[in-house]
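Trainee: I have the model open beside me. Please take a close look at one part of it, the aromatic rings, and then lead me on from there.

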Amino acid sequence: MIRSTRERSDSGAERRWLKGGVKLVNPGEGRVRRVGGGRKKIEGVDPGVRDLLAKILEETTAGDPMSQLRWTSKSTRTMAEELTRLGHPVSWVTVARCVEDMGYSLQANRKTKEGPQHADRDAQLRYIDRQVKALLGTGDPVISVDAKKKELVGPFKNGGRTWRPKGKPQKVNTKDFPSLAQGKALPYGVYDTGQNRAVVNVGVTHETAEFAVESIRRWWKLDGRKRYPAAGRLLICADAGGSNGNRRRAWKLNLQQMADQIGMPITVCHYPPGTSKWNKIEHRLFSFISLNWRGQPLLNYETIINLIGGTKTRTGLKVKAVLDTNEYETGIKVSDEQFEEIQIRRHKVHPAWNYTISPRQQK
């Protein structure tokens, strides 16, 4: 006797019967399939497929002499070809199903390794935080500074996409040769952490300590002194390398000259090596500039200035951009006599990273 496990009243609906492990679908058509019937999956018939696939997936060391795919992108098609070569013919669809069943998925690289951490890293970050809060509490300016990546000026491809009429992409050069460029742009940013404002000085020659301090000086002239008329000191948060590195004598000498000009002590706190991502200018200014000009070729300096100056955020960020056509020489040496004249006071907490430069008395 055949018992119906489900029967739907509407005409033409599918009816299912089960008898002794035999499943009948529309028995009037004569289609019969035993439970578990049909073609077996290749990995079930040939267990060696999964074992070899696991071995291929585990071969992550480039140049491993035992690996057949040491220099090859491990796509599903490539792995299927390798399994076939080893005597286990499979399709890329089977490989895709197997790797997913094995707990794998397509993933991009993730930047998490920062290398060996400096022993004073956490203490320095806490010290910077205290200094920032102290000056913001007294209404004094706190700025975060850094140089953005150099850019070629001209019809070159810029990563990202932008809205344009369909079928009319912006045409750019196929090669990014510096010889084809109008020049290079060196954006140096000064971000006011208390006001959420910034000034970006775009240089055209070299990223030097003199250029870095000139960028800070321009921020003070364009924005800083108007917003902090009663300021008694200035705090600069900077990376430990580059044009504003803590070991650069020229950086300190030019800061001394600026302190003399504005008549105010300048305190500098450097972020430890490997912690540049904590510098506020990176995620509060530079990231938004990159978003604003994505997909747009930096055809000329005017384009760059306008795109940087047009950068805005929902939190109210305002940016001024200026072009700096001054020639900055590289390789300028600071003599011992010049360095000894710098009125520098090093802090007790990691004196190599924290110091204050006071104005020299006018003669």
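**Rings and a covered strand**

Mentor: Trp-219 and Trp-220 are both buried (under 20% relative accessible area, with exposed over 50% and partly exposed in between, for a 1.4 Å probe and protein chains only). Keep in mind that this is a predicted model, where local features need pLDDT of at least 70, side-chain atom pairs count only at pLDDT 80 or more, and totals for chains, interfaces and linings use all residues. Numbering runs from 1 along each chain as its sequence is written, and side-chain values use heavy atoms, without hydrogens and water.

Searching the whole structure gives three aromatic pairs (ring centres within 6.5 Å, using the six-membered ring of Trp; stacked under 30 degrees, edge-to-face over 60, tilted otherwise). Trp-219 and Trp-220 make a tilted pair, with 5.9 Å between centres and 55° between planes. Elsewhere, Tyr-188, Phe-211 and Tyr-328 join in one aromatic cluster. Another ring has a charge for company: Arg-249 lies over the face of Phe-339, 4.7 Å from the ring centre (CZ of Arg or NZ of Lys within 6 Å of the centre and 35 degrees of the normal).

An aromatic residue also takes us to strand β13, residues 354–357 (a DSSP E run of at least two residues, numbered from the N terminus). Tyr-355 and Ile-357 are buried on one side of β13, and Asn-354 and Thr-356 are buried on the other. Strand β10, residues 266–270, runs antiparallel to β13 with four bridges (pairing takes at least two DSSP bridges), and β12, residues 344–346, is also antiparallel to β13, with three. Follow Ile-357 in β13: Ile-266 stands opposite Ile-357, and so does Ile-344.
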